[in-house]
Amino acid sequence: MELTTNWEYVADTVMGGVSTGAIYEEVIDDKAATVLRGKVSLDNNGGFIQMAFDLVPDGSAFDASAWTGIEIEVTGNGATYEMRLRTTALTRPWQSFRAEFSPTERWQTLRLPFEGFTAHRTDATFDPGDLRRIGILAIGQEFEAEIAVATLRLYRD
């Protein structure tokens, strides 16, 4: 099931960091894509740029329990990025369920099974029936980020 993505840009500047970037709509090798591009800085306790969207416009839960995980058609600069999932059980902005991936300079389709996401700074258990938000982050080290997403969908085995 292809997801409708209304990406928004978020950076560590909301917490005093100094990372810079933006999201762009571009065509790369004949594929329409949303591109996250910028510079991640660890200065001033920073360290991330992100593009994210709510699955339901009002931020409520989306039931993804009939699916195995998330499939992403992506290209990038070979750096490691994180996909972060948020559910209605998470109440703090630093809480999430995370999986790392490293997109190559050629388009590829990656599958990130829900069972591969690990809880971060929460004791909550991931429940795909309460999925609320999906984010793609460049985080944790100083680097030039560039990642393009053509499609994002839920998949079943």
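**Exercise 1. In this predicted model, decide whether Phe126 counts as buried or exposed, then do likewise for Phe114.**

Step 1. Grab the cut-off: a residue is buried when its relative accessible area is under 20%.

Step 2. Phe126 comes out at 17% relative accessibility, so Phe126 counts as buried.

Step 3. Phe114 has a relative accessibility of 7%, so Phe114 goes down as buried too.

**Exercise 2. Work out what kind of aromatic pair Phe114 and Phe126 form, and which parts of the chain the pair ties together.**

Step 1. Start with the overall tally: there are five aromatic pairs in the structure.

Step 2. For Phe114 and Phe126, the ring centres sit 5.3 Å apart and the planes make an angle of 45°. Ring centres have to lie within 6.5 Å to pair, and planes under 30 degrees apart would be stacked, over 60 edge-to-face. The label for this pair is therefore tilted.

Step 3. Now place the two residues. Phe114 belongs to the loop between β8 (108-113) and β9, while Phe126 belongs to the loop between β9 and β10, so the pair links parts 12 residues apart in sequence.

Step 4. Widen the view a bit: Phe97 joins Phe114 and Phe126 in one aromatic cluster.

**Exercise 3. Find the order of the strands in the open sheet of six strands, and say why one side of β1 and of β9 has no neighbour there.**

Step 1. Reading across the sheet, the order is β1-β4-β10-β6-β7-β9, and the pairing is antiparallel.

Step 2. β1 (8-11) and β9 (118-120) are the edge strands; each has a single partner strand, so one side of each has no neighbour in the sheet.

Step 3. Ignoring direction, neighbouring strands in this sheet are turned by 30° against each other on average.

Step 4. Zoom in on one pairing: β4 (residues 48-54) and β10 (residues 131-139) are antiparallel, with seven bridges between them. Phe48, for one, has Ile139 in β10 as its bridge partner.

**Exercise 4. Track how β11 pairs with β3 and with β5.**

Step 1. Take β3 (residues 31-40) to begin with: seven bridges connect it to β11 (residues 143-155), and the two run antiparallel. One bridge to look up is Gly38, partnered with Ala145 in β11.

Step 2. Next comes β5 (residues 69-76), which pairs with β11 over eight bridges, again in the antiparallel sense. Here Ile72 has Leu152 in β11 as its bridge partner.

**Exercise 5. Say which ring Lys31 lies over, and at what distance from the ring centre.**

Solution. Lys31 lies over the face of Trp107, 6.0 Å from the ring centre.

Key: Residues numbered from 1 in each chain as written. Predicted model: local features only at pLDDT ≥ 70, side-chain atom pairs only at ≥ 80, totals over all residues. Heavy atoms only, no water. Pairing = 2+ DSSP bridges. Helix = DSSP H or I, 4+ residues; strand = E, 2+ residues; numbered from the N terminus. Axes fitted to C-alpha atoms, helices over the stretch in contact; angles between N-to-C directions. Phe/Tyr/Trp six-rings, centres within 6.5 Å; stacked < 30°, edge-to-face > 60°. Buried < 20%, exposed > 50% of the residue type's maximum accessible area, 1.4 Å probe, protein only. Lys NZ or Arg CZ within 6 Å of the ring centre and 35° of its normal.
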